[in-house]
Amino acid sequence: TLRKPISQSSMADWASKNLNMHTQGIFRRRISISNMLSWNGGSIKKPMLITSNRTIKKEACEMFKLVQSYMGDRQTRMDRNHVALVTVTKCWSTQGLRDELYIQLIRQTTDNTCYRSLAWGWELMAISLAFFSPSPKFQSYLEGYIYRHLDSDENIAQRIKELVDLKNKKNSKSRKKRKQNTEDEGLPISTYAKYCYRKLQKVAVTGGKKGLRKPTVEEIMHARNAILTPSLFGSSLEEIMLRQQDKYPGNKLPWVQTQLSQQVLALGGEQTEGIFRIPGDIDEVNALKLQVDQWRIPSGLSDPNIPASLLKLWYRELEEPVIPQQFYKECISNYENPDAAVAVVQLLPELNRLVLCYLIHFLQIFAQPSNVGRTKMDVNNLAMVMAPNCLRCQSDDPRIIFENTRKEMSFLRMLIVHLDTSFIKGLV
């Protein structure tokens, strides 16, 4: 469900307060906001956003050239993957550059008369959102911009035509013209906008790429491919099952769920102290995530905490939790009643029911007394670490969140202790 973001007038007000107004000409006249936020074929001499940071002042101008290079508006010896890598790495490493990149992309995708350049600008925005979010202050502005492009393909084509006609009248005798291209080369802009809108909602909550290792070319390529091919992480269960239809048509469960669960057991996870509580190395988890999204499980894994951490991440990042939102109240109302808790499971949609039962069956292995002695993870601890990945409280009130957290843990504990999951054995 798309919530309507801030209005056009609010966006104009934000821009007037935060844009670092540029000047031009011999008399250094200030450029209007509309010109500041329209495609520019030249370079810039200061950042788009107001800042006192000297490093950001310098880097912002260099980054604008990188944006132009990626969009094909400036010549470069680097291929586009490496241009994106340098751009993304700058912003991933320096938080103050992130809003600057997004406002530069907004500028270069506004009143752009070359469709290919326009599409590549949106593509770079989509890639960037896979690695970092804008600041909370800038998020609503970016959200408003993306929102206005969700169904704008006809308007964009018309706008390009108008701008081209206007330019042709003004520059009918000019020696050099930028290549005009109103034909669709690649995806419609609305496809990028819809992807960016969903990605922005998620990255604002999850915070983007974590760890110490810098972004890689493989991650850049993966982020680009995700625009058309939904990732196994952050998608809905239905999308994941649809994506695996060609590779595993007979599977009743998500491949990623069963494979990661089996890896945890294969590496002796049920005998590992603090399993699911102690996180795996974040860079190793990121590397495994990249491979799993390409349907590969590497053979060199040795630490069960790595697939265990990724498995938790998969549950946590599902677009809708394993237990859908409409069943949330019923779950926390029956957190002390075993029969009622089990009855809720039977009400779930079939796919959600199977996925949840597989998870509970998996946790029941760890809850066996012989394993608890080694892992120090009894049923209460298992419920505590897994409940937030299965149920999501929608309230913003800290008191309600705190109270419901206890009920969520108790509900999951009821399922681990009382739910009969014997039918799930051997199911894939």
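This talk describes selected helices, two loop residues and several salt bridges in a predicted model.

Good morning, colleagues. I shall begin with the annotated region. In an unreviewed entry, UniProt lists residues 235-423 as "domain: Rho-GAP". Over that stretch the chain is 61% helix and 0% strand, and its end C-alpha atoms lie 27 Å apart.

Let me turn to one helix within those residues, α19, which covers residues 379-390. Is its length what one would expect from its residue count? What span should 12 residues give? At 1.5 Å a residue they should span 16 Å, and the end C-alpha atoms are indeed 16 Å apart, so the two values agree. At the start of α19, a side-chain oxygen of Asp-378 comes to within 3.1 Å of the backbone nitrogen of Asn-380. The buried residues of this helix are Val-379, Leu-382, Ala-383, Val-385, Met-386, Ala-387, Asn-389 and Cys-390. Among the elements that cover them are α14 (305-317), α17 (350-366) and α20 (398-418).I move now to α5 and α6. All 11 of the 11 residues of α5 are buried, including Arg-98, Asp-99, Glu-100 and Arg-107. Which elements cover the buried residues of α5? They include α2 (33-36), α3 (54-70), α4 (80-93), α6 and α7 (136-147). Helix α6 is itself mostly covered, with 13 of its 15 residues buried. From its first C-alpha to its last, α6 reaches 21 Å, close to the 21 Å expected at 1.5 Å a residue.

The loop between α5 and α6 holds Asp-111. This residue has a positive phi of about 55°, although it is not a glycine. Asp-111 counts as partly exposed because its relative accessibility is 29%. A second residue with a positive phi is Phe-276, where the angle is near 75° and the residue is again other than glycine. Phe-276 lies in the loop between α12 (255-266) and α13 (282-292). Is Phe-276 buried or exposed? With a relative accessible area of 2%, Phe-276 is buried.

My last topic is charge pairing. Side chains of opposite charge can pair when their charged atoms come close. In this model the count comes to 16 salt bridges, and I shall present three pairs and one network.

The first pair I present is Asp-13 with Lys-17, whose closest N and O atoms are 3.2 Å apart. These residues are four apart in helix α1 (residues 8-18), so about one helical turn separates them. Asp-13 counts as partly exposed at 37% relative accessibility, whereas Lys-17 counts as exposed at 58%.

Next, the side chains of Glu-59 and Lys-90 meet in a salt bridge at 2.5 Å, N to O. This pair links distant parts of the chain, with Glu-59 in helix α3 and Lys-90 in helix α4, 31 residues apart. Glu-59 is partly exposed, at a relative accessible area of 24%, and Lys-90 also counts as partly exposed, at 21%.

Then there is Arg-213, which forms a salt bridge with Glu-284; their closest N and O atoms are 3.0 Å apart. Arg-213 lies in the loop between α9 (189-206) and α10 (217-225) and Glu-284 lies in helix α13, so the pair ties together parts that are 71 residues apart in sequence. Arg-213 counts as partly exposed at 42% relative accessibility, and Glu-284 is partly exposed with a relative accessible area of 34%.

Finally, salt bridges that share partners join Arg-198, Lys-202, Glu-239 and Glu-319 into one network. Thank you for your attention.

Key:
Residues numbered from 1 in each chain as written. Predicted model: local features only at pLDDT ≥ 70, side-chain atom pairs only at ≥ 80, totals over all residues. Heavy atoms only, no water. Helix = DSSP H or I, 4+ residues; strand = E, 2+ residues; numbered from the N terminus. Expected span 1.5 Å × (residues − 1). Buried < 20%, exposed > 50% of the residue type's maximum accessible area, 1.4 Å probe, protein only. Contact = heavy atoms within 4.5 Å. Polar contact = N/O pair within 3.5 Å; in protein donor to acceptor, adjacent residues only side chain to side chain. UniProt positions renumbered as here; feature names shortened; annotations may be inferred. Salt bridge = Lys/Arg side-chain N within 4 Å of Asp/Glu carboxyl O.
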